[in-house]
Amino acid sequence: MSLYLFKERVRTIEELELNSNLNDNLEPVLPIAPSDESSNFENIAIVGTSDIHGHLLPTDYITIDSNEKYEAGGFLVFSSYLEILRKEWGNRLFWLDGGDQYQGTLESNELAGEAVVKSINFQNMSDSFASAIGNHEFDFGIKNFTRMIKMANFTYLHANIKNRLSGAR
């Protein structure tokens, strides 16, 4: 469900479709600091990630134009950023991942995704982190993925997953 901020309150897309003159009251949503007392709304911060693909360590890249080398990414850099946000937002910080956490790097592949799950667990955000199940979560087999779900101290979200043998969803 999509939500839009209006002068008087938050409305759903369904309300907008039923009453088109509501569009006149639409206000842009601008970043608001968590300590902003002028708002009648509870402010939250949402961090979104997707397609981590086991990139726990920084990766070396080369620019196409100038052939310059640089290092980017990695879970340590992301963890530092997350820690800054956690200090600023406290329990109003939420982290959502779009899936495809495993498969793609030596450190992740050697442990069949375990290193990624342990790295996410280490962030200690079990009440404010959830991840969709991506297709690569099944790359090491359903038994391994079941093991990862049991190891995780966070929630996996899913839809349209069906057991081929039993037909169960």
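## The β4–β5 hairpin

Let's start with a small detail: Asn67 takes a positive phi near 60° in the hairpin of β4 and β5, a hairpin with six residues between its strands. Keep in mind that you're looking at a predicted model here.

The two arms of this hairpin are β4, residues 59-62, and β5, residues 69-72, and they pair in the antiparallel sense over four bridges. Want a spot to find that pairing on screen? Pick Tyr61, whose bridge partner in β5 is Tyr70.

## The chain as a whole

Stepping back, the protein chain has five helices and eight strands. Walk along the sequence and they come up in the pattern β-β-α-β-β-β-α-β-α-α-β-α-β. As for what's tucked away, 33% of the chain's 169 residues count as buried.

## The parallel sheet

Strands of a sheet pair through backbone hydrogen bonds, and they can do that either parallel or antiparallel. The hairpin went antiparallel; now for a sheet with parallel pairing, an open one of four strands in the order β3-β6-β7-β8. Its edge strands are β3 (45-49) and β8 (155-157), each of which pairs on one side only. On average, neighbouring strands of this sheet are turned by 25° against each other, ignoring direction.

Have a look at the β8 end. There, β7 (residues 129-132) pairs with β8 in the parallel sense over three bridges. Ala132 stands opposite Leu157 in β8.

## A greasy spot on the surface

Which residues make the nonpolar surface patch of about 280 Å²? They are Ile44, Ile46 and Leu96. Of these, Ile46 is found in strand β3, one of the edge strands of the parallel sheet.

Is Ile46 buried or exposed? Its relative accessible area is 54%, so Ile46 counts as exposed, the cut-off being over 50%.

## Helix α5 and its two sides

Helix α5 runs over residues 142-151, and Asn144, Phe145 and Met148 are buried in it. These three cover an arc of only 100° around the axis, which means they sit on the same side of α5. That's handy to read alongside the general rule: an α-helix has 3.6 residues a turn, so residues three or four places apart point the same way.

What about the other side of α5? There, Ile142, Lys143 and Lys150 are exposed. Colour the helix by accessibility and look for Phe145 among the buried residues and Lys150 among the exposed ones.

Key: Residues are numbered from 1 along each chain as its sequence is written. This is a predicted model: local features need pLDDT of at least 70, side-chain atom pairs count only at pLDDT 80 or more; totals for chains, interfaces and linings use all residues. Side-chain values use heavy atoms; hydrogens and water are left out. Two strands pair if DSSP finds at least two bridges between them. Axes are lines fitted to C-alpha atoms, for helices over the stretch in contact, and angles run from 0 to 180 degrees between N-to-C directions. Patches are made of residues with over 30% relative accessible area and no salt bridge: like charges are joined within 9 Å, nonpolar side chains (Val, Leu, Ile, Met, Phe, Trp, Tyr) within 5 Å. Accessible areas come from the Shrake-Rupley method with a 1.4 Å probe; for residues, only the protein chains shown count as cover. A salt bridge is a side-chain nitrogen of Lys or Arg within 4 Å of a carboxyl oxygen of Asp or Glu. Buried means under 20% relative accessible area, exposed over 50%, partly exposed in between (1.4 Å probe, protein chains only). The arc is that of the directions from the helix axis to the C-beta atoms.
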